[in-house]
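Me: Please take a close look at a single part of this structure, the surroundings of one buried acidic side chain, and set it beside the ring pairs and charged pairs found elsewhere. I would like one connected account.

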Amino acid sequence: MQLSAFFDRDAALVAPDLLGCELLVDGVGGQIVETEAYHPDDPASHSFAGPTPRNRSMFAGPGRVYVYRSYGIHWCINFVCRNASAVLIRALEPTQGLEVMRRRRGLTDPRSLCSGPGKLCAALGVTGTLDGHPIDVPPLSLHLAARAPALAIGPRIGITKAPDTPWRFGVQGSRFLSKPFPKG
């Protein structure tokens, strides 16, 4: 499947399909192990209130990145899907450029390098300069997974609006998640 068609779908369908894909920024990154979906009719989505200068990338069409600052501190990267929906990339299993990531994060434990959206962006060097950038154009590189990993599904975390919506997806049993999934 071409990347343009892959992202021209509902974010709740794209989010689990991103698990196991390889995301690299200038050759640094790894396998996506955790995602969350957001729709424009979802009060937790940045596109819920319509276009603004901050979220304009969400309305630029599928296959772009939406990068924003969370709490004015941490960068977060999302992949834009159909109809201003998006997938937040929550965690990676680092596989490429570990020394670069360790230097950027000041850590040695690979499990701590990319286990959260802000940590992931710091490790990969993602900043607001990538906002609106096409996913398939350098310095970004995304390679679809050869096969789907075992899936964990649960409510989204770190939000106050619609937190019980089960649009958080993860690689079952991964040691690199931002937070474990609830049992059962």
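Reply: In this model, which is predicted, the count of aromatic pairs comes to 3. One of them is formed by Phe7 and Phe79, whose rings meet edge-to-face, with 5.6 Å from centre to centre and 90° between the planes. Because Phe7 belongs to helix H1 (residues 3-7) and Phe79 to strand S4 (residues 74-80), this pair ties together parts that are 72 residues apart in sequence. Phe7 and Phe79 are both buried, and ring pairs link these two with Phe6 into a cluster. Phe6 also has a charged partner, since the charged end of Arg9 sits over the ring of Phe6 at 4.7 Å from its centre. A further arrangement of this kind involves Arg168, whose charged end sits over the ring of Phe181, 3.8 Å from the centre of that ring; Arg168 will return below.

The part that deserves the close look is the surroundings of Glu34, a residue of strand S2. Strand S2 is mostly covered, with 10 of its 11 residues buried, and strands S1, S5 and S8 each pair with S2 in the antiparallel sense. With strand S1 (residues 22-25) the pairing runs over 4 bridges, and in it Glu22 stands opposite Gln31 of S2. S1 and S2 make a hairpin with 2 residues between the strands, and Asp26, which lies in the turn, has a positive phi of about 55°. With S5 the pairing runs over 9 bridges, and here the bridge partner of Glu34 is Ala91. With strand S8 (residues 168-171) there are 3 bridges, and Glu36 of S2 stands opposite Arg168. As a general point, the side chains in a regular strand alternate between the two faces of the sheet.

How is the side chain of Glu34 placed, buried or exposed? Its relative accessibility is 0%, and because buried means under 20% relative accessible area, Glu34 counts as buried. The carboxylate of Glu34 nevertheless has a charged partner, since its side chain meets that of Arg90 in a salt bridge, at 3.0 Å from N to O. This pair links distant parts of the chain, for Glu34 is in S2 (residues 28-38) and Arg90 in S5 (residues 86-96), and their positions lie 56 residues apart in sequence. Arg90 is buried as well, because its relative accessible area of 9% falls under the 20% limit. In addition, a polar contact of 2.7 Å joins the side chains of Glu34 and Arg168, the same arginine whose charged end sits over the ring of Phe181.

Which residues beyond its neighbours within four places in sequence are in contact with Glu34? In S5 they include Leu88, Ile89, Arg90 and Ala91, and in S8 they include Arg168, Phe169 and Gly170. The remaining names are Leu19, Ile157, Leu177, Ser178 and Lys179.

To place the salt bridge of Glu34 in context, a search of the whole structure finds 8 salt bridges. Another of them joins Arg102 and Glu99, whose closest N and O atoms are 2.8 Å apart. Arg102 and Glu99 both lie in helix H3 (residues 98-105), 3 residues apart, which is about one turn of the helix. Whereas Glu34 is buried at 0% relative accessibility, Glu99 is exposed at 54%. A further salt bridge brings the side chains of Arg111 and Asp109 together at 3.5 Å, N to O; Arg111 is partly exposed at 39% relative accessible area, and Asp109 is likewise partly exposed at 29%. Salt bridges that share partners, for their part, join Glu34, Glu36, Arg90 and Arg168 into one network. The strand pairing agrees with the membership of that network in one detail, as Glu36 in S2 is the residue opposite Arg168 in S8.

One last position lies in the loop that leads into S8, namely Asp164, which sits between strand S7 (151-154) and S8. Asp164 is exposed, because its relative accessible area of 68% is over 50%. The C-alpha atoms of Asp164 and Gly154 are separated by 8.1 Å, with the two residues 10 apart along the chain.

Key:
Residues numbered from 1 in each chain as written. Predicted model: local features only at pLDDT ≥ 70, side-chain atom pairs only at ≥ 80, totals over all residues. Heavy atoms only, no water. Salt bridge = Lys/Arg side-chain N within 4 Å of Asp/Glu carboxyl O. Buried < 20%, exposed > 50% of the residue type's maximum accessible area, 1.4 Å probe, protein only. Phe/Tyr/Trp six-rings, centres within 6.5 Å; stacked < 30°, edge-to-face > 60°. Lys NZ or Arg CZ within 6 Å of the ring centre and 35° of its normal. Pairing = 2+ DSSP bridges. Polar contact = N/O pair within 3.5 Å; in protein donor to acceptor, adjacent residues only side chain to side chain. Contact = heavy atoms within 4.5 Å.
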